[in-house]
Every structure is written in structure tokens, then in C-alpha cells.
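Me: I should like to work through this protein step by step. Please show me the sequence and the structure, and then I shall put my questions.

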Amino acid sequence: MELSDIKINKILYATDLSDGARYAFAYATSLANTYGAHIVILHVMTDTPGLDANVSGYIGEERWQG
């Protein structure tokens with residue numbers, strides 16, 4: 001299989017924001033540049049009391065609930 005046969009449109013980059021995750025992000029951006037793909041970044045936070053109000057205030061209630 002040749003690399004030119006591969007079509008990548010989106011790359012999901014899941015991160016724990018650790019130092020090691022930087023290497024994975026560098027690889028994801030390299031692939032995105034090579035294939036003209038978009039990167040979707042995912043980071044999951046633990047359930048923290050009061051976090052909903054802080055995040056919804058930052059990004060908007062409608063978007064947070066969506």
C-alpha cells in the first residue's frame with residue numbers, strides 16, 4: 001500500500017495534557033499537514049462540583065448543554 005492511497009480527513013487527538021502527549025500531538029499535526037486533515041482535540045475532565053457553572057460561563061450555556 002502506498003501512502004498516496006490513504007485519505008485522511010479528520011484526526012481525533014485524545015490527550016491527558018501530559019508531557020508525553022506533546023509527542024502524540026506533534027505526530028497528529030504532522031499527519032494533518034501531510035493529508036490536509038482537521039484535528040479534533042478531546043480532553044475529558046473529572047466531574048467536579050461547580051465546574052458546570054465555570055465552563056458554561058466560558059463557552060455559553062447552550063453550547064455546554066449541546
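Me: How many residues does helix α1 have, and what distance does it reach from its first C-alpha to its last?
Reply: In this predicted model, helix α1 covers residues 21-35, which amounts to 15 residues. At 1.5 Å a residue, a span of 21 Å is expected. The distance from the first C-alpha to the last is close to that expectation, at 21 Å.

Me: Which residues of α1 are buried?
Reply: A residue counts as buried when its relative accessible area is under 20%. In α1, the residues that meet this condition are Ala21, Ala28, Ala32 and Tyr35.

Me: Within what arc do the buried residues of α1 fall, seen down the axis?
Reply: The buried residues in question are Ala21, Ala28, Ala32 and Tyr35. They line one face of α1, because the arc within which they fall, seen down the helix axis, is 80°.

Me: Which exposed residues does the face of α1 turned away from its buried side carry?
Reply: To count as exposed, a residue needs a relative accessible area over 50%. On the face of α1 turned away from the buried side, the exposed residues are Arg22, Tyr23, Tyr27, Asn33 and Thr34.

Me: Against which elements do the buried residues of α1 pack?
Reply: Along the sequence, the protein follows the pattern β-α-β-α-α. Its secondary structure comes to three helices and two strands. The packing partners of the buried residues of α1 are β1 (10-14) and β2 (38-42).

Me: Which residue follows α1, and what is its phi?
Reply: The residue that follows α1 is glycine 36. Its phi is positive, with a value near 65°.

Me: Which residues form the aromatic pair, and what is the angle between the planes?
Reply: The structure holds one aromatic pair. Tyrosine 13 and phenylalanine 25 form it, with 5.0 Å from centre to centre. Planes under 30 degrees apart would count as stacked and those over 60 as edge-to-face. This pair is tilted, and the angle between its planes is 55°.

Me: How many residues apart in sequence are the parts that this pair ties together?
Reply: Tyrosine 13 lies in strand β1, whereas phenylalanine 25 lies in helix α1. The pair therefore ties together parts whose separation in sequence is twelve residues.

Me: Which of these descriptions fits phenylalanine 25: buried, partly exposed or exposed?
Reply: Tyrosine 13 counts as buried at 9% relative accessibility. Phenylalanine 25 has a relative accessible area of 33%. Values between 20% and 50% belong to the middle class, so phenylalanine 25 is partly exposed.

Me: With which residues is phenylalanine 25 in contact, leaving aside neighbours within four places in sequence?
Reply: The C-alpha atoms of phenylalanine 25 and isoleucine 39 are separated by 9.5 Å, although heavy atoms are what a contact concerns, and these must lie within 4.5 Å. With neighbours within four places left aside, the contacts of phenylalanine 25 are Tyr13, Ile39 and Ile41.

Me: What distance separates the C-alpha atoms of tyrosine 13 and alanine 24?
Reply: Tyrosine 13 has its place in strand β1. Among its contacts beyond four places in sequence are Ala24, Phe25 and Ile39. Tyrosine 13 and alanine 24 are eleven residues apart along the chain, and their C-alpha atoms are separated by 7.9 Å.

Me: The side chain of threonine 15 reaches the backbone nitrogen of which residue?
Reply: Threonine 15 is found in the loop between β1 and α1, and it is buried, with a relative accessible area of 11%. Its side chain makes a polar contact of 3.3 Å with the side chain of tyrosine 13. At 2.8 Å, the side chain of threonine 15 also reaches the backbone nitrogen of leucine 17.

Me: Which element gives the most to the largest nonpolar core?
Reply: The largest nonpolar core has six residues: Ile11, Tyr13, Ala21, Ala28, Ala32 and Ala37. At least two of these residues come from each of β1 and α1. With three residues, the element that gives the most to this core is α1.

Me: What share of the residues in the protein is buried?
Reply: The protein has 66 residues. Tyrosine 13 is one of the residues that count as buried, and threonine 15 is buried too. Over the protein, buried residues make up 17%.

Note on methods
Residues are numbered from 1 along each chain as its sequence is written. This is a predicted model: local features need pLDDT of at least 70, side-chain atom pairs count only at pLDDT 80 or more; totals for chains, interfaces and linings use all residues. Side-chain values use heavy atoms; hydrogens and water are left out. Helices (H or I, at least four residues) and strands (E, at least two) are DSSP runs, numbered from the N terminus. The expected span of a helix is 1.5 Å times one less than its number of residues. Buried means under 20% relative accessible area, exposed over 50%, partly exposed in between (1.4 Å probe, protein chains only). The arc is that of the directions from the helix axis to the C-beta atoms. Rings of Phe, Tyr and Trp (its six-membered ring) pair if their centres lie within 6.5 Å; planes under 30 degrees apart count as stacked, over 60 as edge-to-face and the rest as tilted. A nonpolar core is a set of buried Ala, Val, Leu, Ile, Met, Phe, Trp, Tyr and Cys residues joined through side-chain atoms within 4.5 Å. A polar contact is a pair of N or O atoms within 3.5 Å; within protein, one must be able to donate a hydrogen and the other to accept it, and residues adjacent in sequence count only if both atoms are side-chain atoms.
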